[in-house]
Amino acid sequence: MNPLGAHYLVARAERIDVPAAAERVEVELGCADAKFSFELAARRPQDFVVGLEIREALVERNREWAQRYGHTNLAFGYVNVNVDLARVFAPASVDRFHVLFPDPWFKARHRKRRVVDPAMLEVVATQLRPGGELHVASDVFELALAAMAELEAPEAEALGFYNLAGEWAFTRDNPCEASSRREDTTLARGLRVWRMRYQLRTPGAKQTP
Ligand SMILES: C[S@@+](CC[C@H](N)C(=O)[O-])C[C@H]1O[C@@H](n2cnc3c(N)ncnc32)[C@H](O)[C@@H]1O
């Protein structure tokens, strides 16, 4: 699957309406089998969890499972994060985005296919509520560092992102009561998860991490 292939460049992601009663809205971008989203929705019935994925067969499968197991606080949708995420949520409607082990694109020549890029950060900043968060994790240090470089750039700072662990610092612990399939296999192999958490500044507030 090449997210820059012609089929995936056509914007067609659909709007997901968030129930007004939801306490928080948590969104997993590139959810694959959505183990993380299913677990989070089960642990937090008061919240609304959304799993978005570019592979349409997985979106269908996840929808079927959510219906079969009666998860009413869980929704799934198609997205190409780098093409049509802007269509999915209203401005200032999401509390946290999770980008977990996103990129199979290790080579420098595949840099353009990476999920965390300046355009994606602009959309995420628009859709996050003030004080909302972007949580990114990877098992590949170079890719984690590339994502961090985007988030530490002056452009991202101007959007309001700041690192909860301090500039250029990784966060050790998973902030959620849920883990993704890839996180489980990474930890089972005794490998390190490179994790970062960036909060969106509340306008007017002086914030120190
Ligand atoms: C390595 S898997 C990780 C899945 C899951 N988050 C986990 O941690 O187990 C990366 C997922 O991101 C999806 N993906 C890659 N690029 C994407 C894009 N531009 N938009 C949406 N999903 C994307 C892939 O299809 C794949 O399912």
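**A friendly note on the ligand site, strand β5 and a surface patch**

1. Let me begin with Glu133, which is found in strand β5, residues 128-138. Please keep in mind throughout that this is a predicted model. The relative accessibility of Glu133 is 7%, and buried means under 20%, so this residue counts as buried. Its side chain has a partner: a polar contact of 2.6 Å joins the side chains of Glu133 and Arg197.

2. Staying in strand β5, have a look at Ala137, which also has its place there. Is Ala137 buried or exposed? Ala137 is buried, because its relative accessible area is 0%. If you would like a distance to check in your viewer, take Ala137 and Phe76: their C-alpha atoms are 21 Å apart in space, and 61 residues separate the two in sequence.

3. Now for the ligand, probably the part you will want to open soonest. Which residues come nearest to the ligand? They are Glu53, Arg55, Asn80, Leu100 and Ser180, out of 20 residues around the ligand. Sorted by character, the residues of this shell comprise eleven nonpolar, five charged and four polar ones.

4. Some individual atom pairs at the ligand deserve a look. Arg55 places a polar side-chain atom 2.7 Å from an oxygen atom of the ligand. For Ser180, an N or O atom in the side chain is 2.7 Å from a ligand oxygen atom. With Glu28, the ligand atom is a nitrogen, and a polar side-chain atom of Glu28 lies 3.2 Å from that nitrogen.

5. How much of the ligand does the protein bury? Taken alone, the ligand exposes 600 Å², and 93% of that is buried by the protein. As for the elements behind the shell, α4 (81-84) and α8 (181-188) are the ones that give two or more residues to the surroundings of the ligand.

6. Finally, a word on the outside of the protein. Phe141, Leu145 and Trp168 make a nonpolar surface patch of about 280 Å². One of these residues, Phe141, has its place in helix α6, which covers residues 141-152. Why does Phe141 count as partly exposed? Its relative accessible area is 33%, and partly exposed covers the range between the buried limit of 20% and the exposed limit of 50%. Patch members need over 30% relative accessible area, and the 33% of Phe141 is the value to set beside that cut-off.

Key: Residues numbered from 1 in each chain as written. Predicted model: local features only at pLDDT ≥ 70, side-chain atom pairs only at ≥ 80, totals over all residues. Heavy atoms only, no water. Patch = residues over 30% accessible without salt bridge, like charges linked within 9 Å, V, L, I, M, F, W, Y side chains within 5 Å. Areas by Shrake-Rupley, 256 points an atom, 1.4 Å probe, with all protein chains shown as cover. Salt bridge = Lys/Arg side-chain N within 4 Å of Asp/Glu carboxyl O. Helix = DSSP H or I, 4+ residues; strand = E, 2+ residues; numbered from the N terminus. Buried < 20%, exposed > 50% of the residue type's maximum accessible area, 1.4 Å probe, protein only. Near = heavy atom within 4 Å. Polar contact = N/O pair within 3.5 Å; in protein donor to acceptor, adjacent residues only side chain to side chain. Nonpolar A, V, L, I, M, F, W, Y, C, P; charged D, E, K, R; others polar.
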